[in-house]
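Q: Got a minute to go through this one with me? I'd like to hop around a few spots.
A: Sure, put it up and ask away.

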Amino acid sequence: MKEIIDIVAAYDEAHALGKKTALATVVLVEGSAYRRAGARMLITEDGQLTGAISGGCLEGDALRKARLVIMQQQPLLVTYDTTDDDDAKLGVGLGCNGIIHILIEPITGDFNNPVNLLKDIIANRRYSVLVTMFCIDDRKAPQPGTCLCLTDDKLTVTLPESVPYRAALIANAEQVLGQQRSEIQVYEAGVNYTAFIEYVKPAISLVVVGAGNDAVPLTRIASVLGWNITIIDGRANYAVSQRFPLANRIITAKPAEVLQHIEINDRTAVVLMTHNYNYEIALLKEILQIQLPYIGILGPKKKLERMLAEIEGPGIVISEEQLSNIYGPVGLDIGAEGAEEIALSVASEIKAVLSSRQGYSLKYKSASIHTSYIKYLVK
């Protein structure tokens with residue numbers, strides 16, 4: 001999501017300056033590659049790049065091809081075969097072993113251009129589906145490109161009504177939104193058209209309860225990751241924009257008022273770090289009443305145990321499910337010392353939990369690092 005946000009911002013800036021642009025999207029990867037399907041890069045006519053489609057190996061060649069796309073105003077499907085040992089073909093040693101298909105689309109002034117579909121994804125702030133279509137079999141055939149955006153309350157399809165697979169594509173997009181998993185579909189329409197039907201997760205919403213000095217590096221890291229950041233504190237002189245310029249929202253509130261000010265979903269993480277025991281236990285009582293995937297509590301384990309013991313009482317039982325979503329002491333065990341390293345530890349744990357991962361070293365992972373997409377043929 002961070003890449004999409006950056007691309008939209010870069011496009012708006014380029015558009016305001018009258019610069020022509022193109023969007024490069026990794027639409028299919030066969031084998032291994034540094035970036036997977038869904039990686040994007042915006043290219044301006046004067047060579048400015050936002051986002052990435054590789055680890056830096058393909059960007060130069062993609063820039064040259066993007067300038068051609070901008071000049072001709074026609075989409076272009078480009079394939080890079082990194083399984084070939086002859087590095088001279090690309091002029092670099094890629095260090096991967098896969099075939100990477102990249103669609104480069106010119107961004108026109110049309111309202112339903114690809115960037116405006118990306119804007120719908122950002123504005124939705126919920127789970128969405130984005131479809132990018134291309135034709136590998138016949139590269140001279142029309143390349144539909146980014147042509148569908150499905151959110152919880154809006155469907156935008158830029159394909160003509162006459163396209164024979166239009167209804168099937170919409171149905172498959174709805175299916176992907178329901179199953180919460182991207183997939184590849186192939187549609188037969190004279191030639192085969194491949195659709196990357198991408199399930200897009202919203203940005204993580206980080207609610208930092210506490211506006212002390214140790215909250216500052218956590219907001220910095222979260223901002224780099226593109227998270228939506230809310231700062232909450234009961235002290236008006238601490239919760240100010242001068243201290244937290246990267247926060248999206250800053251709220252001064254009592255514990256009983258906090259939930260009135262924040263939107264909760266399954267991508268929301270709350271970290272209690274006020275160093276005020278009474279404030280935190282009062283807020284913990286409130287947030288235990290709702291379903292949160294992550295509640296982090298800064299401080300020793302004894303502090304958390306004391307809080308839970310004081311909350312439980314006659315008629316009040318903290319369930320195992322609630323306990324499983326409480327992380328205290330907060331953060332991954334990386335030997336963190338100091339506010340910056342603790343912030344890294346906390347952000348890493350939040351990312352791992354919301355990605356349903358354990359947070360261990362990838363060297364111990366036996367399966368593929370990246371998710372593979374299922375390929376279907378729809379006639």
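Q: Which residue in S14 is the bridge partner of Ser 205?
A: That's Thr 268. Keep in mind that we're looking at a predicted model.

Q: OK. How many bridges join S11 to S14, and do they run parallel or antiparallel?
A: Five bridges, and the two strands run parallel. S14 covers residues 268-272, while S11 is residues 205-209.

Q: What about S11 and S12, how many bridges there?
A: Five bridges too, again in the parallel sense. S12 is residues 228-233. One pair to look at is Val 209 of S11 with Ile 232 in S12, which are bridge partners.

Q: And which helix goes with S11 and S12 in the β-α-β unit?
A: Helix H5, residues 215-224. S11, H5 and S12 together make a right-handed β-α-β unit.

Q: Is S11 mostly covered or mostly open?
A: Mostly covered: five of its five residues are buried. That holds for both faces, with Ser 205, Val 207 and Val 209 on one side and Leu 206 and Val 208 on the other. In a regular strand the side chains alternate between the two faces of the sheet.

Q: Switching to helices. Which residues of H4 are buried?
A: Arg 166, Leu 169, Ile 170, Asn 172, Ala 173 and Val 176. Looking down the axis of H4, these buried residues fall within an arc of 165°, so they line one face of the helix. An α-helix has 3.6 residues a turn, so residues three or four places apart point the same way.

Q: What's exposed on the other side of H4?
A: Ala 167 and Gly 178 are. For Gly 178, the relative accessible area is 59%, which is why it counts as exposed, given that the cut-off is over 50%.

Q: How far is Gly 178 from Tyr 127?
A: In space, 9.7 Å from C-alpha to C-alpha; in sequence, 51 residues.

Q: What should the 14 residues of H4 span, and how far apart are the end C-alpha atoms?
A: At 1.5 Å a residue, the expected span is 20 Å, and the end C-alpha atoms of H4 (residues 166-179) are 20 Å apart, so the two agree. Just after the helix, Gln 180 takes a positive phi of about 55°.

Q: New topic: where does Ser 54 lie?
A: In the loop between strand S3 (49-51) and helix H2 (59-72). Its relative accessible area is 8%, so Ser 54 is buried.

Q: Which side chain does the side chain of Ser 54 make a polar contact with?
A: Glu 59, at 2.6 Å. A polar atom of the Ser 54 side chain also lies 3.0 Å from the backbone nitrogen of Cys 57. Not counting residues up to four places away in sequence, Ser 54 touches Tyr 34, Arg 35 and Glu 59.

Q: Last one, Glu 280. Buried or exposed?
A: Buried, at 0% relative accessibility. Glu 280 is found in helix H6, residues 277-287.

Q: Which side chain is joined to Glu 280 by a polar contact?
A: Lys 303, with a polar contact of 2.7 Å between the two side chains.

Q: What else does Glu 280 touch?
A: Leaving out residues up to four places away in sequence, its contacts include Leu 272, Met 273, Thr 274, His 275, Ile 297 and Met 307.

Key
Residues numbered from 1 in each chain as written. Predicted model: local features only at pLDDT ≥ 70, side-chain atom pairs only at ≥ 80, totals over all residues. Heavy atoms only, no water. Buried < 20%, exposed > 50% of the residue type's maximum accessible area, 1.4 Å probe, protein only. Helix = DSSP H or I, 4+ residues; strand = E, 2+ residues; numbered from the N terminus. Pairing = 2+ DSSP bridges. Right-handed = clockwise from strand over helix to strand, strands pointing away. Expected span 1.5 Å × (residues − 1). Arc of directions from axis to C-beta. Polar contact = N/O pair within 3.5 Å; in protein donor to acceptor, adjacent residues only side chain to side chain. Contact = heavy atoms within 4.5 Å.
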